[in-house]
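Please open the model in your viewer and follow the selections below in order. The tour begins with the chain as a whole and then proceeds to individual residues and helix pairs.

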Amino acid sequence: MTVLVEHYVSDSRIEEKKTKEERGDGGFMVPKSKETDEFDAPDINFLGHSFRDYENGESERQQGVEEFYRMQHIHQTYDFVKDMRKEYGKVNKMEMSIWECCELLNNVVDESDPDLDEPQIQHLLQTAEAIRKDYPNEDWLHLTALIHDLGKVLLLPEFGGLPQWAVVGDTFPVGCTFDPANIHHKYFKENPDNNTPKYNTKNGVYSEGCGLDNVLMSWGHDDYMYLVAKENGATLPHAGLFIIRYHSFYPLHKAGTYTHLMNDEDREDLKWLHVFNKYDLYSKSKVHVDVEQVKPYYISLINKYFPAKLKW
């Protein structure tokens with residue numbers, strides 16, 4: 001079944017007559033389940049493929065995605081991640097507000113995503129607006145959705161112009177064995193850590209139940225935005241920071257692997273990440289949110305949880 005947001009028809013004739021100004025949602029109509037009135041995840045993306053389909057190697061797009069993961073799996077090592085965290089933990093690349101970063105993100109293309117072909121700010125707002133409808137009282141979650149991908153500015157020259165494999169794509173722990181649940185796992189055989197005894201066991205350099213805060217993740221936009229939020233004194237709840245750092249950690253929240261490294265707080269936060277993920281993945285649509293219509297609401301949330309200017 002192909003479900004696109006533009007096919008959505010509300011059960012309420014009154015709702016159909018409301019303008020986007022009256023709804024205050026920027027014109028983005030979220031597909032709803034008739035049974036629960038909650039977000040209804042579509043089965044197929046706008047290209048007519050299953051979401052996160054990495055096996056359809058016939059298309060040029062899919063071949064590019066596979067090449068991306070080949071490079072990522074070869075180069076994301078424990079030492080590389082330590083070097084990146086040391087460099088970008090200085091947050092000395094630029095000073096700007098959260099909203100300025102949202103606008104800057106429109107200059108970014110994510111080559112690892114087989115489901116996204118729209119401006120980045122639209123993905124952020126579509127995710128945030130879909131969550132806002134189902135969780136109206138969790139304003140921290142709305143803001144988390146808005147900012148979760150801002151770390152992708154690492155692709156821009158002002159931030160070092162890192163290669164795609166060092167910014168986007170699924171993330172995974174380094175310093176321990178690469179679990180087979182990682183997509184295109186075969187390419188890890190060329191990663192130097194794969195043949196390093198202290199890094200290629202189940203626990204590696206970690207201990208069971210150590211907590212994910214103590215685990216180094218493959219470097220990318222998730223960990224960078226997490227560091228930016230922490231270094232700038234963001235007051236988001238821990239679950240919000242957890243979502244930012246691990247939203248691309250699909251081997252954990254989709255395949256259920258690496259759970260031996262988690263502690264009790266991680267397990268509580270993972271519940272919120274599962275909530276977030278379906279909106280992050282399935283709200284991608286060709287129907288755009290009216291940015292100016294929803295901007296005042298999100299500016300108010302930014303002012304609540306972040307300083308006016310951040311160091312990046």
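Two residues are said to be in contact when heavy atoms lie within 4.5 Å. The model to which this is applied is a predicted one.

**The whole chain**

Display the protein chain as a cartoon: 12 helices and two strands are present. Read from the N terminus, the elements follow the order α-α-α-α-β-α-α-α-α-α-α-α-α-β. Of the 312 residues, 55% are buried. Among contacts with a separation of 6 or more, 78% involve residues 24 or more positions apart. On switching to a surface view, about 13600 Å² is exposed, and carbon and sulfur atoms supply 47% of that area.

**The first annotated set**

Select His-123, His-148, Asp-149, His-221, His-247 and Asp-280, which an unreviewed UniProt entry marks as "binding site".

Centre the view on Asp-280, located in helix H11 (residues 264–282). Is Asp-280 buried or exposed? With a relative accessible area of 7%, Asp-280 is buried, because the cut-off for burial is under 20%. Beyond its neighbours within four places in sequence, Asp-280 contacts His-123, Thr-127, His-148, His-247 and Tyr-250. Measuring tools may be set on the side chains of Asp-280 and His-123, which are joined by a polar contact of 2.9 Å.

Follow that contact to His-123, which belongs to helix H6 (residues 120–134). His-123 is likewise buried, its relative accessible area being 2%.

Next, select His-221 in helix H8 (residues 221–231). His-221 has a relative accessible area of 2% and is buried. Residues up to four places away in sequence aside, the residues touched by His-221 include His-148, Asp-149, Lys-152, His-247 and Ser-248. Which side chain makes a polar contact with the side chain of His-221? That of Asp-149 does, at 2.9 Å.

**The second annotated set**

A further "binding site" annotation from an unreviewed UniProt entry covers Arg-52, Asp-110, Glu-111, Ser-112, Lys-152, Gly-169, Asp-170, His-247 and Ser-248.

Select Lys-152 in the loop between H7 and H8. Lys-152 counts as buried at 2% relative accessibility. Among the residues that Lys-152 touches, not counting those up to four places away in sequence, are Leu-105, Asp-110, Gln-120 and His-221. The side chains of Lys-152 and Gln-120 are joined by a polar contact of 3.4 Å.

Move on to Asp-110, in the loop between helix H5 (98–104) and H6. Its relative accessible area is 10%, and Asp-110 is buried. Setting aside neighbours within four places in sequence, Asp-110 is in contact with Gln-120, Lys-152, Gln-164 and Val-168.

**Two helix pairs**

Two packed helices are described by the angle between their axes and the distance between the axes.

Show helix H8 together with helix H9 (residues 238–246); they pack at about 150 degrees, with axes 6 Å apart. H8 and H9 are therefore roughly antiparallel to each other. In this contact, Asp-222, Asp-223, Met-225, Tyr-226, Ala-229 and Lys-230 of H8 meet Leu-241, Ile-244, Arg-245 and Tyr-246 of H9.

Finally, show helix H7 (residues 139–147) with helix H12 (residues 291–305), where the packing angle is about 100 degrees and the axes are 10 Å apart. H7 and H12 are therefore roughly perpendicular to each other. The residues to display from H7 are Asp-139, Trp-140, His-142, Leu-143 and Leu-146, which meet Tyr-297, Tyr-298, Leu-301, Ile-302, Lys-304 and Tyr-305 of H12.

Methods
Residues numbered from 1 in each chain as written. Predicted model: local features only at pLDDT ≥ 70, side-chain atom pairs only at ≥ 80, totals over all residues. Heavy atoms only, no water. Helix = DSSP H or I, 4+ residues; strand = E, 2+ residues; numbered from the N terminus. Buried < 20%, exposed > 50% of the residue type's maximum accessible area, 1.4 Å probe, protein only. Areas by Shrake-Rupley, 256 points an atom, 1.4 Å probe, with all protein chains shown as cover. UniProt positions renumbered as here; feature names shortened; annotations may be inferred. Polar contact = N/O pair within 3.5 Å; in protein donor to acceptor, adjacent residues only side chain to side chain. Axes fitted to C-alpha atoms, helices over the stretch in contact; angles between N-to-C directions. Parallel < 35°, antiparallel > 145°, perpendicular 65-115°, else oblique.
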